[in-house]
Amino acid sequence: MASVLVVEDDRRVAAEIGSALAEYGFQVDEAPSGSIGLRKALDGKFDVIVLDRMLPEIDGLSLLTKLRAAKVSTPVLILSALSAVNERVDGLRAGGDDYLAKPFEFIELTARVDALARRKMAAEAVNELVVGDLRLDLIDRVLYCAEREIELLPKEFAIIEFLMQNAGTLVSRKMIFESVWGYSFNHQSSVIDVHIGKIRKKLDPDGLNPRIHTVRNTGFILRAPA
């Protein structure tokens with residue numbers, strides 16, 4: 001069972017987040033201030049930290065900076081009412097792994113926490129990701145499809161890595177964009193679909209064994225071919 005530390009000073013919001021995560025199957029601990037959150041994050045071994053940006057005593061970004069300076073690499077999902085692109089970029093540059101603007105849907109929160117937890121576990125457990133006949137070497141940064149080496153551009157590698165980390169799970173364009181590019185998704189942009197299209201052609205030039213499936217108006221699912 002993955003463990004999550006929720007650092008949030010609004011007790012009602014913290015309780016709602018904790019309830020949603022617990023219902024999903026996470027073990028949850030809470031911290032009502034930045035100083036308590038910092039102490040718990042340094043002392044405890046958590047799989048994910050959900051961190052509010054605006055906190056008493058120590059603000060979220062300062063807390064995050066202290067964690068990274070102390071070599072704590074626990075994935076951090078930043079929550080904030082500050083949704084401007086520069087605010088998101090500041091959070092990610094401070095060491096955040098993901099950024100979710102308030103208000104948010106709890107189903108998206110749990111999906112993002114789950115993705116971060118599985119990414120951490122995968123990174124700790126193996127040096128490669130395998131889904132069906134796809135094998136991603138995380139050390140040499142090489143993708144193999146049916147043992148055929150596939151040449152990928154850096155963004156294509158990051159996209160397939162994210163999809164393989166979440167294999168069998170529907171991921172939205174927003175989740176892919178913010179994970180790979182690190183800032184807010186422009187819903188009118190077709191950049192993700194263009195990259196996905198190029199990856200598909202490299203994996204399956206004939207289109208006979210699709211691995212990346214589109215869910216209309218929602219996102220994508222990576223599955224091993226039948």
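## A tour of two domains and their helices

Start with the seam between the two domains: domain 1 and domain 2 bury about 1,100 Å² between them, and carbon and sulfur atoms give 50% of that area. The size of an interface is often given as the accessible area lost when the parts come together. Keep in mind that this is a predicted model.

**Stop 1: the domain seam.** Stay at this seam and select Arg88, Arg118 and Arg119 in domain 1. These three lose the most area to domain 2, and together they make up 40% of what the domain 1 side buries. Now colour the chain by domain. Domain 1 covers 3–124, and domain 2 covers 127–222. Their C-alpha centres are 26 Å apart. In the contact, 13 residues come from domain 1 and 12 residues from domain 2.

**Stop 2: α2 and α3.** Move into domain 1, residues 3–124. Select helix α2, residues 34–43, and then α3, which spans 60–69. Two packed helices are described by the angle between their axes and the distance between the axes. Here the axes come within 10 Å and cross at roughly 20 degrees. Angles under 35 degrees count as roughly parallel, so α2 is roughly parallel to α3. The crossing is right-handed. Show side chains next. From α2, pick Gly34, Gly37, Leu38, Ala41 and Leu42; from α3, pick Leu63, Lys66 and Leu67. This contact between α2 and α3 has five nonpolar residues, two polar and one charged.

**Stop 3: two loops.** Select Glu57, in the loop between β3 (48–52) and α3 (60–69). What is the phi of Glu57 near? Phi is near 75 degrees, a positive value in a residue other than glycine. Next, go to Pro103, in the loop between β5 (98–101) and α5 (106–125). Is the peptide bond from Lys102 to Pro103 cis or trans? The bond is cis, with omega near -5 degrees. Why stop at these two places? Most residues other than glycine have a negative phi, and most peptide bonds are trans.

**Stop 4: α6 and α7.** Cross to domain 2, residues 127–222. Select helix α6, residues 154–165, and helix α7, residues 173–180. They pack at an angle of about 125 degrees, and their axes are 10 Å apart. That angle makes α6 oblique to α7. Their crossing is right-handed. On α6, show Lys155, Ala158, Ile159, Phe162 and Leu163. On α7, show Met175, Ile176, Ser179 and Val180. Sorted by class, the residues of this α6 and α7 contact are seven nonpolar, one polar and one charged.

**Stop 5: α6 and α8.** Keep α6 selected and add helix α8, residues 191–203. These axes come within 10 Å and cross at roughly 80 degrees. That makes α6 roughly perpendicular to α8. From α6, Lys155, Glu156, Ile159, Ile160 and Leu163 take part. They meet His195, Ile196, Lys198, Ile199, Lys202 and Leu203 of α8. How many residues of the contact of α6 with α8 are charged? Four are charged, alongside six nonpolar and one polar.

Terms used
Residues are numbered from 1 along each chain as its sequence is written. This is a predicted model: local features need pLDDT of at least 70, side-chain atom pairs count only at pLDDT 80 or more; totals for chains, interfaces and linings use all residues. Side-chain values use heavy atoms; hydrogens and water are left out. Axes are lines fitted to C-alpha atoms, for helices over the stretch in contact, and angles run from 0 to 180 degrees between N-to-C directions. Helices (H or I, at least four residues) and strands (E, at least two) are DSSP runs, numbered from the N terminus. Angles under 35 degrees count as roughly parallel, over 145 as roughly antiparallel, 65 to 115 as roughly perpendicular and the rest as oblique. A crossing is left-handed if the near helix is turned anticlockwise from the far one by less than a right angle, and right-handed if clockwise. Contact means heavy atoms within 4.5 Å. Ala, Val, Leu, Ile, Met, Phe, Trp, Tyr, Cys and Pro count as nonpolar, Asp, Glu, Lys and Arg as charged, and the others, Gly among them, as polar. Domain bounds come from an automatic or database domain assignment. Buried area is the accessible area (1.4 Å probe) that two parts lose on being put together, summed over both.
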